[in-house]
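Morning, everyone. I have one structure to show you today. Let me put it on the screen.

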Amino acid sequence: MTAFAAIASKRGARAEMDKSAIDVAKALVQLSEVAIFELRGEWRRLHRMPPPTRLSRDLLIRGIIYQFQERAYGGLSVATARKLEQAAAGPPSRGAANPTQPISLRPGTRLVREWRGVTHTALIHADGIEWRGQRYRSLSVVARKITGARWSGPRFFGLRQRQVDSHSRAGEGDGEG
(Lines give C-alpha, C1' and ligand atoms only; values in the text may rest on other atoms or scores of the structure.)
Protein backbone atom coordinates (compact mmCIF):
# COMPACT_ATOMS: atom_id res chain seq x y z
CA MET A 1 0.00 0.00 0.00
CA THR A 2 1.38 3.41 -0.94
CA ALA A 3 2.01 6.13 1.59
CA PHE A 4 -0.80 8.18 0.10
CA ALA A 5 -3.23 5.26 0.08
CA ALA A 6 -2.53 4.71 3.78
CA ILE A 7 -3.66 8.25 4.56
CA ALA A 8 -6.78 7.89 2.46
CA SER A 9 -7.70 4.51 3.97
CA LYS A 10 -7.61 5.98 7.48
CA ARG A 11 -10.39 8.33 6.47
CA GLY A 12 -12.58 5.66 4.92
CA ALA A 13 -13.25 4.71 1.34
CA ARG A 14 -11.68 7.17 -1.10
CA ALA A 15 -14.82 7.53 -3.22
CA GLU A 16 -16.83 8.50 -0.17
CA MET A 17 -14.43 11.07 1.20
CA ASP A 18 -16.19 14.08 2.59
CA LYS A 19 -15.14 17.38 0.97
CA SER A 20 -14.12 18.83 4.31
CA ALA A 21 -12.04 15.74 5.17
CA ILE A 22 -9.62 16.24 2.28
CA ASP A 23 -6.54 18.02 3.50
CA VAL A 24 -5.03 19.35 0.29
CA ALA A 25 -1.82 20.59 1.86
CA LYS A 26 -1.16 17.25 3.52
CA ALA A 27 -1.92 15.44 0.26
CA LEU A 28 0.59 17.62 -1.57
CA VAL A 29 3.31 16.76 0.93
CA GLN A 30 2.51 13.06 0.63
CA LEU A 31 2.44 13.16 -3.16
CA SER A 32 5.87 14.74 -3.30
CA GLU A 33 7.28 11.65 -1.54
CA VAL A 34 5.54 9.07 -3.77
CA ALA A 35 7.18 7.26 -6.71
CA ILE A 36 6.06 8.22 -10.23
CA PHE A 37 4.35 4.87 -10.93
CA GLU A 38 2.20 5.44 -7.81
CA LEU A 39 1.36 8.95 -9.07
CA ARG A 40 0.21 7.43 -12.36
CA GLY A 41 -2.03 5.01 -10.45
CA GLU A 42 -3.52 7.86 -8.43
CA TRP A 43 -4.11 9.81 -11.66
CA ARG A 44 -5.95 6.79 -13.15
CA ARG A 45 -8.10 6.51 -10.05
CA LEU A 46 -9.05 10.19 -9.90
CA HIS A 47 -9.40 10.94 -13.61
CA ARG A 48 -10.73 7.50 -14.56
CA MET A 49 -8.26 7.37 -17.45
CA PRO A 50 -4.53 6.83 -17.86
CA PRO A 51 -2.34 9.91 -17.63
CA PRO A 52 -1.00 11.37 -20.87
CA THR A 53 2.18 9.63 -21.96
CA ARG A 54 5.44 11.16 -20.82
CA LEU A 55 3.68 13.57 -18.45
CA SER A 56 6.24 14.91 -15.99
CA ARG A 57 6.11 14.17 -12.29
CA ASP A 58 5.32 17.81 -11.54
CA LEU A 59 2.33 17.87 -13.91
CA LEU A 60 1.05 14.56 -12.56
CA ILE A 61 1.08 16.02 -9.04
CA ARG A 62 -0.64 19.19 -10.23
CA GLY A 63 -3.39 17.21 -11.95
CA ILE A 64 -3.97 15.06 -8.88
CA ILE A 65 -3.98 18.03 -6.50
CA TYR A 66 -6.45 19.85 -8.74
CA GLN A 67 -8.84 16.93 -8.41
CA PHE A 68 -8.46 17.01 -4.62
CA GLN A 69 -9.15 20.74 -4.59
CA GLU A 70 -12.24 20.24 -6.73
CA ARG A 71 -13.54 17.66 -4.28
CA ALA A 72 -12.71 19.80 -1.26
CA TYR A 73 -13.83 23.21 -2.48
CA GLY A 74 -15.99 22.52 -5.53
CA GLY A 75 -15.26 22.71 -9.24
CA LEU A 76 -15.77 25.41 -11.80
CA SER A 77 -19.00 27.36 -11.78
CA VAL A 78 -21.52 26.59 -14.50
CA ALA A 79 -20.88 30.02 -16.08
CA THR A 80 -17.10 29.48 -16.16
CA ALA A 81 -17.47 25.99 -17.64
CA ARG A 82 -19.79 27.41 -20.32
CA LYS A 83 -17.28 30.16 -21.19
CA LEU A 84 -14.50 27.60 -21.51
CA GLU A 85 -16.63 25.46 -23.80
CA GLN A 86 -17.41 28.48 -25.97
CA ALA A 87 -13.74 29.43 -26.11
CA ALA A 88 -12.82 25.91 -27.18
CA ALA A 89 -15.55 25.91 -29.84
CA GLY A 90 -14.13 28.84 -31.79
CA PRO A 91 -13.53 32.56 -31.88
CA PRO A 92 -16.15 34.68 -30.13
CA SER A 93 -18.52 36.62 -32.32
CA ARG A 94 -18.69 39.54 -29.90
CA GLY A 95 -15.90 42.05 -30.32
CA ALA A 96 -14.56 40.49 -33.50
CA ALA A 97 -12.94 42.95 -35.87
CA ASN A 98 -14.99 43.86 -38.90
CA PRO A 99 -12.92 43.92 -42.06
CA THR A 100 -12.70 47.37 -43.59
CA GLN A 101 -14.17 47.91 -47.02
CA PRO A 102 -11.62 48.42 -49.79
CA ILE A 103 -11.29 52.00 -50.94
CA SER A 104 -12.16 52.58 -54.57
CA LEU A 105 -11.12 55.96 -55.90
CA ARG A 106 -11.75 56.95 -59.50
CA PRO A 107 -8.93 58.37 -61.59
CA GLY A 108 -9.03 62.14 -61.46
CA THR A 109 -10.00 62.30 -57.77
CA ARG A 110 -8.06 64.91 -55.80
CA LEU A 111 -7.29 64.37 -52.14
CA VAL A 112 -6.33 67.40 -50.08
CA ARG A 113 -4.75 67.39 -46.64
CA GLU A 114 -3.11 70.09 -44.59
CA TRP A 115 -0.07 68.96 -42.68
CA ARG A 116 1.88 71.31 -40.42
CA GLY A 117 0.63 74.40 -42.19
CA VAL A 118 1.25 73.10 -45.72
CA THR A 119 -1.59 72.00 -48.00
CA HIS A 120 -0.85 68.77 -49.87
CA THR A 121 -2.83 67.61 -52.92
CA ALA A 122 -2.66 64.06 -54.27
CA LEU A 123 -4.16 63.22 -57.66
CA ILE A 124 -5.46 59.70 -58.25
CA HIS A 125 -4.46 58.05 -61.55
CA ALA A 126 -5.36 54.59 -62.87
CA ASP A 127 -1.78 53.43 -62.31
CA GLY A 128 -0.91 55.22 -59.04
CA ILE A 129 -0.92 58.48 -57.11
CA GLU A 130 0.62 61.76 -58.23
CA TRP A 131 2.03 64.11 -55.60
CA ARG A 132 4.29 67.08 -56.36
CA GLY A 133 4.72 65.93 -59.96
CA GLN A 134 5.90 62.41 -59.10
CA ARG A 135 4.02 59.09 -59.25
CA TYR A 136 3.77 56.75 -56.28
CA ARG A 137 2.28 53.29 -56.01
CA SER A 138 0.05 53.97 -52.99
CA LEU A 139 -1.41 56.61 -50.70
CA SER A 140 0.66 55.22 -47.84
CA VAL A 141 3.89 56.00 -49.68
CA VAL A 142 2.68 59.57 -50.25
CA ALA A 143 1.69 59.91 -46.58
CA ARG A 144 5.14 58.62 -45.57
CA LYS A 145 6.83 61.18 -47.84
CA ILE A 146 4.74 63.99 -46.35
CA THR A 147 5.06 63.07 -42.68
CA GLY A 148 8.33 61.16 -42.52
CA ALA A 149 6.52 58.46 -40.55
CA ARG A 150 4.67 55.25 -41.44
CA TRP A 151 1.05 56.27 -41.89
CA SER A 152 -1.90 54.51 -43.39
CA GLY A 153 -2.42 56.58 -46.53
CA PRO A 154 -6.23 56.24 -46.51
CA ARG A 155 -6.29 57.26 -42.85
CA PHE A 156 -3.92 60.17 -43.42
CA PHE A 157 -6.14 61.57 -46.17
CA GLY A 158 -9.30 61.06 -44.09
CA LEU A 159 -10.76 58.15 -46.06
CA ARG A 160 -10.89 55.89 -42.99
CA GLN A 161 -11.64 56.66 -39.38
CA ARG A 162 -9.06 55.63 -36.82
CA GLN A 163 -10.24 52.70 -34.76
CA VAL A 164 -10.43 54.03 -31.20
CA ASP A 165 -9.33 51.56 -28.57
CA SER A 166 -11.40 51.68 -25.38
CA HIS A 167 -8.19 52.23 -23.40
CA SER A 168 -6.87 55.13 -25.48
CA ARG A 169 -8.07 58.71 -25.60
CA ALA A 170 -9.56 60.23 -28.74
CA GLY A 171 -7.04 62.22 -30.75
CA GLU A 172 -4.05 60.74 -28.97
CA GLY A 173 -1.26 59.49 -31.19
CA ASP A 174 -2.72 60.66 -34.49
CA GLY A 175 0.66 62.04 -35.54
CA GLU A 176 -0.41 65.60 -36.20
CA GLY A 177 1.73 68.34 -34.79
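I'll start with the whole chain, then go through the sheet, then one helix.

First, a caution: this is a predicted model. So how many helices and strands does the chain have? Seven helices and four strands. Now follow the sequence. The pattern reads α-α-α-α-α-β-β-β-β-α-α.

Some totals next. The chain has 177 residues, and 27% of them are buried. The exposed surface comes to about 12800 Å². Carbon and sulfur atoms supply 51% of that. On contacts, take those with a separation of 6 or more. Residues 24 or more positions apart account for 36% of them.

On to the sheet. The four strands form an open sheet, in the order β1-β2-β3-β4. The pairing is antiparallel. Which strands sit at the edges? They are β1, residues 110-115, and β4, residues 134-136. Each of those pairs on one side only. Neighbouring strands here are turned by 30° against each other on average, direction ignored.

A quick reminder for newcomers. Strands in a sheet pair through backbone hydrogen bonds, and that pairing can be parallel or antiparallel.

Let's look at one pair. Strand β2 covers residues 118-125, and strand β3 covers 128-131. They are antiparallel and share four bridges. Want a spot to find on screen? Look for H125, which stands opposite G128 in β3.

Last, the helix. What does α6 lie across? Helix α6, residues 139-147, lies across β1, β2, β3 and β4. Against β3, helix α6 runs at about 25°.

That's the tour. Thanks.

Key. Residues numbered from 1 in each chain as written. Predicted model: local features only at pLDDT ≥ 70, side-chain atom pairs only at ≥ 80, totals over all residues. Heavy atoms only, no water. Pairing = 2+ DSSP bridges. Helix = DSSP H or I, 4+ residues; strand = E, 2+ residues; numbered from the N terminus. Axes fitted to C-alpha atoms, helices over the stretch in contact; angles between N-to-C directions. Contact = heavy atoms within 4.5 Å. Buried < 20%, exposed > 50% of the residue type's maximum accessible area, 1.4 Å probe, protein only. Areas by Shrake-Rupley, 256 points an atom, 1.4 Å probe, with all protein chains shown as cover.
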